[in-house]
There are 2 protein chains.
Amino acid sequence: MKFKRSERLVVMTHHLTNHPNELVPLNYFVEKFSQAKSSVSEDIKIIKETFEADGIGEIKTTAGAGGGITFHPGINIEQAELVVDAFMEEIKSSDRLLPGGYMYMSDIIGNPSLMNDIGELIATLYKSSEVDAIVTIATKGIPFATAVARQLNVPIAVIRKDNKVTEGSTVSVNYVSGSSRKIETMVLSKRTLKGGLKVLVVDDFLRAGGSITGVFNLMEEFQAEVVGVSVLVEAKQVENRRFNDYTSILSVSDIDEYNQSFNIERGNCIAQLKEMKS
Amino acid sequence: MKFKRSERLVVMTHHLTNHPNELVPLNYFVEKFSQAKSSVSEDIKIIKETFEADGIGEIKTTAGAGGGITFHPGINIEQAELVVDAFMEEIKSSDRLLPGGYMYMSDIIGNPSLMNDIGELIATLYKSSEVDAIVTIATKGIPFATAVARQLNVPIAVIRKDNKVTEGSTVSVNYVSGSSRKIETMVLSKRTLKGGLKVLVVDDFLRAGGSITGVFNLMEEFQAEVVGVSVLVEAKQVENRRFNDYTSILSVSDIDEYNQSFNIERGNCIAQLKEMKS
């Protein structure tokens with residue numbers, strides 16, 4: 001097949017979009033299109049400039065033998081606001097309050113398109129943090145973790161509350177659940193994380209922060225450095241939270257289960273994005 | 001911003017790739033580019049023909065007021081073979097056998113790029129099945145489920161082994177674990193699945209099929225129709241499996257935990273893809 005420039009642009013844009021944060025050797029396209037390197041480089045220049053002008057992300061070129069191009073997806077402030085507000089509308093749209101003031105979110109967590117958009121937002125915020133892996137806690141953090149991991153092109157490591165034969169040897173820590181004050185255990189398979197990695201911790205809901213404090217302790221056992229914590233929803237007005245440095249997409253307060261009412265507003269992610277871009 | 005054709009092709013290809021199986025109104029592009037409908041339609045024709053020629057997938061046009069274009073990602077047989085073989089190499093690459101003949105796969109399940117490729121393969125196989133939702137069992141099926149769900153643009157529903165307060169009212173069934181012969185329980189939140197949906201069941205490993213039989217029983221409670229079962233790895237030579245109609249990416253046999261050896265080969269997915277394309 002012989003490719004015209006317009007066709008090359010389509011194929012290359014598709015490939016780069018589908019392989020975020022992955023180094024693509026220039027030769028991959030040179031050979032696929034049977035084109036001179038100079039033409040392919042011109043194609044890349046068009047894609048790069050369009051991606052940057054439209055706020056789609058950056059394309060970085062690495063020179064040398066192992067070189068190539070890498071697409072770093074990004075999201076601009078207007079798009080980020082649309083994503084956060086779409087999430088907020090979903091939260092508002094139906095009766096979500098459960099006994100104990102818990103919030104039903106499984107439908108939102110199970111929405112792959114929304115999770116993908118939120119993954120792009122979090123990946124944009126942490127793109128300079130050299131994240132090596134995403135760490136989350138089973139079960140509800142996993143779809144969010146996979147969405148962020150896909151954008152950053154790094155593996156996920158899933159911490160469990162139970163020990164399963166399919167995990168092999170594990171490391172476990174005990175922690176105090178902030179809301180119920182019960183002592184619980186979390187385990188991570190030894191081979192899931194190599195030592196000395198930089199990790200981003202993600203979870204669905206941040207209440208008192210007991211389980212995330214547990215994750216910090218567990219990460220110490222793996223000599224991992226926690227470079228950030230991201231949650232879909234934080235409960236505001238929780239006192240004595242054990243850490244205060246995190247990114248939230250939404251923030252909920254004044255939960256009143258008897259009247260089935262609560263307040264919901266944007267979390268701190270938009271402010272963090274604005275600060276990063278300024 | 002004024003867009004040239006080459007720039008429009010880049011922006012449109014990115015948007016379609018990033019929104020698989022989602023109807024994009026033609027007006028979205030007409031307004032974004034301030035272009036006549038006829039020019040945008042010509043752009044789409046170029047993308048459509050290139051996507052089809054390069055095996056990237058199909059673009060379908062829906063006419064009328066609520067109309068627009070939808071990108072259905074696809075994978076051709078050569079690409080599918082590369083994906084399956086890459087997965088096989090990962091399985092072979094390190095000591096994976098655990099006590100009891102279980103196989104460690106968390107690193108593979110946690111690899112977002114590989115899961116995305118496998119998701120494209122499964123989405124291609126089930127693209128005509130009108131799947132409404134992906135159903136999986138916590139914990140290890142979730143990253144695979146989200147990858148398939150992302151391509152088909154349908155929600156996931158996660159069945160759990162425990163009952164959690166954040167699920168609200170649930171439906172539960174008991175099942176007999178095929179390997180251990182133990183009676184276990186699985187639960188699904190009532191609101192996760194509306195009645196009468198077509199679901200695709202996915203899981204990481206298929207041994208005797210006890211838990212998937214449980215999923216079938218649970219789906220009856222939701223009046224859901226199971227249109228398919230997909231697993232990452234099936235254990236061959238398991239007798240008395242309770243169902244035989246499924247898609248597997250890889251097939252493992254002759255597991256010998258004392259000598260740390262096993263045979264691994266392609267599952268039936270490539271044969272199914274060839275049959276579909278013929």
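In the predicted model, the lining of the second largest cavity is made up, by class, of six nonpolar, 10 polar and four charged residues. This cavity has a volume of about 170 Å³, and 20 residues line it, those closest to its centre being Thr17(A), Asn18(A), Arg150(A), Asn18(B) and Arg150(B). Both chains contribute to the surrounding wall, since two or more residues of the lining come from each of α1 (5-18), β2 (68-73), α6 and α7 of chain A, together with α1 (5-18), β2 (68-73), α6 and α7 of chain B.

The structure holds five cavities of 30 Å³ or more, and the largest of them has a volume of about 280 Å³. Among the 24 residues that line the largest cavity, Thr146(A), Ala147(A), Thr146(B), Ala147(B) and Arg150(B) are the closest to its centre. At least two residues of this lining are supplied by each of α6 (112-125) and α7 (142-152) of chain A and by each of α6 (112-125) and α7 (142-152) of chain B. By class, the lining of the largest cavity divides into 14 nonpolar, eight polar and two charged residues. Arg150(B) is thus listed among the residues closest to the centre of the largest cavity and also among those closest to the centre of the second largest cavity.

An open space is also formed with the participation of both chains, namely the second largest pocket, which has a volume of about 740 Å³. Of the 28 residues that line this pocket, His15(A), His19(A), Tyr28(A), Gln79(B) and Leu82(B) lie nearest its centre. Chain A provides at least two lining residues from each of α1 and α2 (26-33), and chain B does so from each of α4 (77-92) and α6; α4(B) gives the most to the lining of this pocket, with five residues. The lining of the second largest pocket comprises 12 nonpolar, 10 polar and six charged residues.

The contact between the chains takes 55 residues from chain A and 55 residues from chain B. The size of an interface is often given as the accessible area lost when the parts come together. For chain A and chain B, about 4700 Å² is buried between them, with 60% of this area on carbon and sulfur atoms. On the side of chain A, the residues that lose the most area to chain B are Val10(A), Tyr104(A) and Arg191(A), which together account for 13% of what that side buries. Four salt bridges are counted between chain A and chain B, and the side chains of Lys140(B) and Glu167(A) meet in a salt bridge with an N to O distance of 3.1 Å.

Within chain A, the assignment distinguishes domain 1 (5-73) from domain 2 (77-277), and the centres of these domains, taken over C-alpha atoms, are separated by 33 Å. Nine residues of domain 1 of chain A are in contact with seven residues of domain 2 of chain A, and the two domains bury about 640 Å² between them, 32% of it on carbon and sulfur atoms. Of the area that domain 1 of chain A buries against domain 2 of chain A, 62% is supplied by Pro20(A), Asn21(A) and Pro73(A), more than by any other three residues. One salt bridge is found across the interface of these two domains. The side chains of Glu58(A) and Lys127(A) meet in a salt bridge, at 3.1 Å from N to O.

Notes. Residues numbered from 1 in each chain as written. Chains lettered and ligands numbered in written order. Predicted model: local features only at pLDDT ≥ 70, side-chain atom pairs only at ≥ 80, totals over all residues. Heavy atoms only, no water. 1 Å grid on protein atoms, 1.4 Å probe; cavity = no way out; pocket = protein on both sides within 12 Å on 5 of 7 lines; lining within 4 Å. Points joined across faces, edges and corners; volume = space filled by probe spheres on them. Helix = DSSP H or I, 4+ residues; strand = E, 2+ residues; numbered from the N terminus. Nonpolar A, V, L, I, M, F, W, Y, C, P; charged D, E, K, R; others polar. Domains from an automatic or database assignment. Contact = heavy atoms within 4.5 Å. Buried area = accessible area lost by both parts, 1.4 Å probe.
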